[in-house]
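Work through the exercises below with the sequence and the structure side by side, and try each task before reading its solution.

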Amino acid sequence: MKFGIIKERKNPPDRRVVFTPEELVRLKIEHPEAEIKVESSDIRIFTDEQYKNLGIEVTDDISDCDVLFGVKEVPIAALIPNKKYFFFSHTIKKQLHNRKLLQAILEKNIDLYDHETIVDEHYKRLIGFGRYAGIVGAYNGIRAFGVKFDLFHLPKAETVSGKDALIVKLKRQILPPVKIVLTGHGKVANGVMEILDGMKIKHVSIENFLSKNYSEPVYTQIDTLDYNKRIDGKPASKIDFYNNPTEYISDFERFTKVSDIFMAGHFYANDAPVILSRAMLAAHDCKIKVVADISCDTNGPIASTIKASTIADPFFGYLPSQDIEVDMFHPAAIVVMSVDNLPCELPKDASEGFGEMFMEHVVPAFFNGDKDGILKRAKITENGKLTERFRYLQEYVDQDKLESVSN
C-alpha cells in the first residue's frame, strides 16, 4: 500500500495537512509495509524539510501512490484517475458549487472517501476539525464583542501560536457581565467550551441563565429540545425530532431576550426548523449583539448568516429590519462572525489533532481488511458509480446533464 499526502491547491490557501511529520513516522513504525510520499508544498504548515528530516520522501510526483490524502476539495484538473482519494468534498449535502467535482470524480473512476463520511457502526463521525472550529469560533466571538464596543482589540487567531496562547490573550481582557448561549453538544461545542472554561467564564444552568442576573460573564449550553418544540404542543423527544423535524418550530426566542452573545455550534439537518429567525432578531426585546455562527450554514437556520465571512475579514454587520449587510458599527447592527474555515487559523494544532484521530480510526482499516467497515461506510464512489449509501446523490449528479438535454 502506497500512501501520498497531496498539496492543497484550493484558494484561499489552506495550510492544514492530514498527517504531520511525526504521525507519518508513527505510521511507518506501526505499519512498516506501507510506503509514504509527501507532495512538495510551499504553503503547508509543516515544511518539506520537516518531513525530509524525519526520513519521509518529499517529491513533485505522487502519481504512483494508491491512496491520496488531502484536506480541502481537489481542483478537477489536478485529480488523478483511478486513485483512492480522501478529502472534504462538500458534496454530501448536494452543494451546487461542487456538483462538477463529483461528476469528474465519477468520470475519472476515482474512489472518493469524504472525511465527513468516516463514521462508526452507529454512524457517528469519527474524525474532523470541529474541535478547532469551536476553539477559533469562540475566540472570534469574544473578539467581535470587544471590537464592536471598543472594549479591547485582540489579534487574529492565525497570528497566535495555539489554543493555550488564545486563552492567555482572552484572560487578559475584562468582559462586562455578558450572557453567552451556546447551541450543540458535539466536537464544535466542546471546542467552544474549552475556550469559555479556559477563560473561567461561569457555566450556569438553563433555568438560571433565563431567570437570573449576574455580576460576571456566564454561559449556558443548550441542546436540540431546549430550542425546538413541537408545533402541536405534544411531548417532544430527540428521536421524534430527528424523525419528524417538520413538526417542530424554534423555541429559541426565550434565549434572545436574555443573551448578549450567541455561539452556534449545532449540527443542522436540511429539514430542521429555523433556529434564530429575522423576526426574533428584529424584536424590540432581542438583546443579542454578536452572533458567532461557527456552524455557518448560509441562508440556513440563523437568519443573520447571509454570507460566509473570511479569515481576512471575519466580521460584518447585519440589520434585521432590512435583512441586509451593513457596517458592523451601525447602531442597530448585530455583529456576525460566519467564517466557514475557522480551523485554518490554527493549522498546526488542527493538523496534529486530525492526524491523531486519523491514525486511531482510519489507518488500521487499511491493514485489517476493514473488519469494522470504516472504509466501506465512508466510500462515496466506486467503479464510476455512487455507492449504495450515497445513491441519494444520483439526481444531484445528473441534474445539469438533464437540463442540457431538455434544452
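The exercises that follow concern a predicted model, and each one is solved step by step.

**Exercise 1. Confidence along the chain**

Find the mean pLDDT of the protein, and then look at what the model shows over residues 403-407.

Solution. Begin with the whole protein, for which the mean pLDDT is 95, with 98% of the residues reaching 70 or more. Then turn to residues 403-407, where the pLDDT is below 50. Beyond near neighbours in sequence, this stretch has zero contacts in the model.

**Exercise 2. The buried side of a helix**

Determine which residues of helix α5 are buried, and explain how they are placed around the axis of α5.

Solution. Helix α5 covers residues 163-171, and its buried residues are K163, L166, I167 and L170. Around the axis these residues cover an arc of only 95°, which means that they lie on the same side of α5. The general background is that an α-helix has 3.6 residues a turn, so residues three or four places apart point the same way. As a last step, look for what covers the buried residues of α5: α4 (130-148), α6 (187-198) and α11 (347-361) are included.

**Exercise 3. Checking the length of a helix**

Compare the expected span of α11 with the distance between its end C-alpha atoms, and then list its buried residues.

Solution. Helix α11 has 15 residues, and at 1.5 Å a residue these should span 21 Å, where the expected span is 1.5 Å times one less than the number of residues. The end C-alpha atoms of α11 are 21 Å apart, which agrees with that expectation. The buried residues of α11 are P347, D349, A350, S351, G353, F354, G355, M357, F358 and M359.

**Exercise 4. A sheet and one of its strands**

Trace the order of the eight strands in the open sheet, and then follow the pairing of β14 on to its partners.

Solution. The order of the strands is β8-β9-β7-β12-β13-β16-β14-β15, and the pairing is mixed. At the edges stand β8 (202-203) and β15 (324-326), each of which pairs on one side only.

Next take β14 (residues 315-319), which pairs with β15 in the antiparallel sense over three bridges. With β16 (residues 334-337), β14 also pairs in the antiparallel sense, here over four bridges. Residue G317 has a bridge partner in each of these strands, namely V326 in β15 and V335 in β16. For L319, the bridge partner in β15 is I324.

The link between β14 and β15 is a hairpin with four residues between the strands, and D323 in the turn has a positive phi of about 55°.

Finally, consider the side chains: F315, G317 and L319 point one way from β14, F316 and Y318 point the other way, and all are buried.

**Exercise 5. A parallel pair**

Describe how β1 and β2 pair, and state how far each strand is covered.

Solution. Strand β1 (residues 2-5) pairs with β2 in the parallel sense over four bridges, and the bridge partner of K2 in β2 is E35. From β1, K2 and G4 point one way while F3 and I5 point the other way, and all are buried. Strand β2 (residues 35-39) is mostly covered, with four of its five residues buried.

**Exercise 6. Two aspartates**

Decide for D111 and for D60 whether the residue is buried or exposed, and name what each one touches.

Solution. D111 lies in strand β6 (residues 111-114), and its relative accessible area is 10%, so D111 is buried, the cut-off being under 20%. Leaving out residues up to four places away in sequence, D111 touches K83, K84, Y85, K379, T381, E382 and N383. With K84, the side chain of D111 forms a polar contact of 3.1 Å.

D60 is found in the loop between β3 (57-59) and β4 (67-69), and at 67% relative accessibility D60 counts as exposed, the cut-off being over 50%. With residues up to four places away in sequence again left out, D60 touches E39 and S40. From C-alpha to C-alpha, D60 and P217 are 52 Å apart in space, and in sequence they are 157 residues apart.

Definitions and conventions: Residues are numbered from 1 along each chain as its sequence is written. This is a predicted model: local features need pLDDT of at least 70, side-chain atom pairs count only at pLDDT 80 or more; totals for chains, interfaces and linings use all residues. Side-chain values use heavy atoms; hydrogens and water are left out. Buried means under 20% relative accessible area, exposed over 50%, partly exposed in between (1.4 Å probe, protein chains only). Helices (H or I, at least four residues) and strands (E, at least two) are DSSP runs, numbered from the N terminus. The arc is that of the directions from the helix axis to the C-beta atoms. Contact means heavy atoms within 4.5 Å. pLDDT is the predictor's confidence in each residue, from 0 to 100. A polar contact is a pair of N or O atoms within 3.5 Å; within protein, one must be able to donate a hydrogen and the other to accept it, and residues adjacent in sequence count only if both atoms are side-chain atoms. Two strands pair if DSSP finds at least two bridges between them.
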